[in-house]
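Biologist: I would like a close look at one part of this model, followed by its surroundings. Please keep the account plain.

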Amino acid sequence: MLDPERFITPRARAIDASGIRRVFDLAATLEDPINLSIGQPDFDVPESVKEAAIRAIQDGFNRYTVTQGAAPLRDKVARSIAAQFPGWGEVPSADKAPFGTLITSGVSGALVLAMLVCVGPGDEVIIPDPYFVMYKHLVTLAGAKPVYVDTYPDFQLTAERIEPYITPRTRMVLFNSPSNPTGVVASDAVCRSVAEICRERNILLLSDEIYDEFWYDREGVASRCPSPASYSSDMLLLRGFSKTYGMTGWRLGYATGPRRIIEEMTKLQQYSFVCAPSMVQLAGVAALNEDVSAHVGDYRRKRDLVIERLAGTFELTPPGGAFYAFPKVPPALGLTATQFVERAVAASVLVIPGSVFSRSDTHFRLSYACDDRTLERGLDTLIGLARI
Ligand code: PMP
């Protein structure tokens, strides 16, 4: 009989998903959990986007697209990047732009391709701690070494914090604002300093901006979330549709940046993902015409509620974006975050311990992408547990 264990590589074994699985295993035993652990919006895909996908399917747009992405979407993406970042140059079309554009299967797809193209054995990749769970594993899968920069307690990945970790082997810095899991947003000054240090030290900056629309402290509706792309075009900029339009299951994102790197990512996509789902790409064009400000306003209100309710009980760096907060377990309880989360789950509230996103186990992530009643019940329970 075949021994399946013999076929599982050290590369696959090195991925440890136990932390998050433990929370979900515990959750499976609960009847009606108060779920503050979800990393996706609680609103549905806009009607116009659904209709565009249905129309695309009915019109027979069901085959492979070109690897780099269907022209209408790719052109629209390239133009929107150039409009937001004038330093990136004039864009008559994606093909004639001074930078490359690749439509991917979610930001996850773009991250996988970027890692496989740009880093390998002997290379180091600087990532913030706490980090989005995939970063550490994708860096390792690519054969490189993650180098963690501790960003507690304000969760800002600044140039000053990055500098001491730069070595001749540093290839890439992963930057993520608004951040998962902390919800913290980098200021313009931080974005500028990170873009500058990467340029000066010849390091590729990868900015994961999947939460760019979920930014709450804006002045005026037209203002945009601070981004290092305002200060450099020598970088990879990744954005997606999953969060902004509630399209997590549709698998659509994109990468823009230096043409040669995007060409290599396109080549790898050709021999792996092939292309992002065709009908979803056409729906993506409709999505980019949608105004999501009502959802953003709703999440801003929930964000304010979280800050207000947790104040005085939990230490919390105010989240300025995404839909997460990352409070600290009160030290007086004498509990690790994992132990605190076990208590929360026993009280039917699902949150995720910091150890899943960090080398520290002192904080926990809560998501407020849920209805108000669920959020209020969850916050009440967490506050009660912190006061025991
Ligand atoms: N980056 C961050 C920071 C995320 O939180 C997520 C989704 N949780 C992704 C990338 C991947 O998103 P997707 O593949 O759905 O575009």
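Which residues of helix 10 (residues 278-288) are buried?

Modeller: This is a predicted model, and what follows is read from it. In helix 10, the buried residues are Ser 278, Val 280, Gln 281, Ala 283, Gly 284, Ala 286 and Ala 287. Several elements cover them, including helix 3 (47-58), helix 4 (71-84) and strand 2 (100-104).

Next along the chain is a helix pair. Two packed helices are described by the angle between their axes and the distance between the axes. For helix 11 (residues 293-310) and helix 13 (residues 372-386), the axes come within 11 Å and cross at roughly 20°. Angles under 35 degrees count as roughly parallel, and helix 11 and helix 13 are therefore roughly parallel to each other. The crossing of helix 11 past helix 13 is right-handed. On the side of helix 11, the contact is made by Arg 301, Lys 302, Leu 305, Val 306, Arg 309 and Leu 310. Helix 13 contributes Asp 372, Leu 375, Glu 376, Leu 379, Asp 380 and Ile 383. Sorted by class, this contact of helix 11 with helix 13 has six nonpolar and six charged residues, and no polar ones.

The strands come next. Strands of a sheet pair through backbone hydrogen bonds, either parallel or antiparallel. One open sheet has three strands in the order 9-12-11, with antiparallel pairing. Strand 9 (324-325) and strand 11 (352-353) are at its edges; each has a single partner strand, so one side of each lacks a neighbour in the sheet. Strand 11 pairs with strand 12 (residues 364-367) in the antiparallel sense over two bridges. In this pairing, Pro 353 stands opposite Phe 364 of strand 12.

Strand 7 (residues 235-240) is mostly covered, with six of its six residues buried. Met 235, Leu 237 and Arg 239 point one way from strand 7, while Leu 236, Leu 238 and Gly 240 point the other way. Strand 7 pairs with strand 6 (residues 204-208) in the parallel sense over four bridges, and Leu 206 stands opposite Leu 236. With strand 8 (residues 253-257), strand 7 pairs in the antiparallel sense, over four bridges. There, Arg 239 of strand 7 stands opposite Tyr 254 in strand 8. Arg 239 is thus listed among the buried residues of strand 7 and also has a place in the pairing with strand 8.

Note on methods:
Residues are numbered from 1 along each chain as its sequence is written. This is a predicted model: local features need pLDDT of at least 70, side-chain atom pairs count only at pLDDT 80 or more; totals for chains, interfaces and linings use all residues. Side-chain values use heavy atoms; hydrogens and water are left out. Buried means under 20% relative accessible area, exposed over 50%, partly exposed in between (1.4 Å probe, protein chains only). Contact means heavy atoms within 4.5 Å. Axes are lines fitted to C-alpha atoms, for helices over the stretch in contact, and angles run from 0 to 180 degrees between N-to-C directions. Angles under 35 degrees count as roughly parallel, over 145 as roughly antiparallel, 65 to 115 as roughly perpendicular and the rest as oblique. A crossing is left-handed if the near helix is turned anticlockwise from the far one by less than a right angle, and right-handed if clockwise. Ala, Val, Leu, Ile, Met, Phe, Trp, Tyr, Cys and Pro count as nonpolar, Asp, Glu, Lys and Arg as charged, and the others, Gly among them, as polar. Two strands pair if DSSP finds at least two bridges between them.
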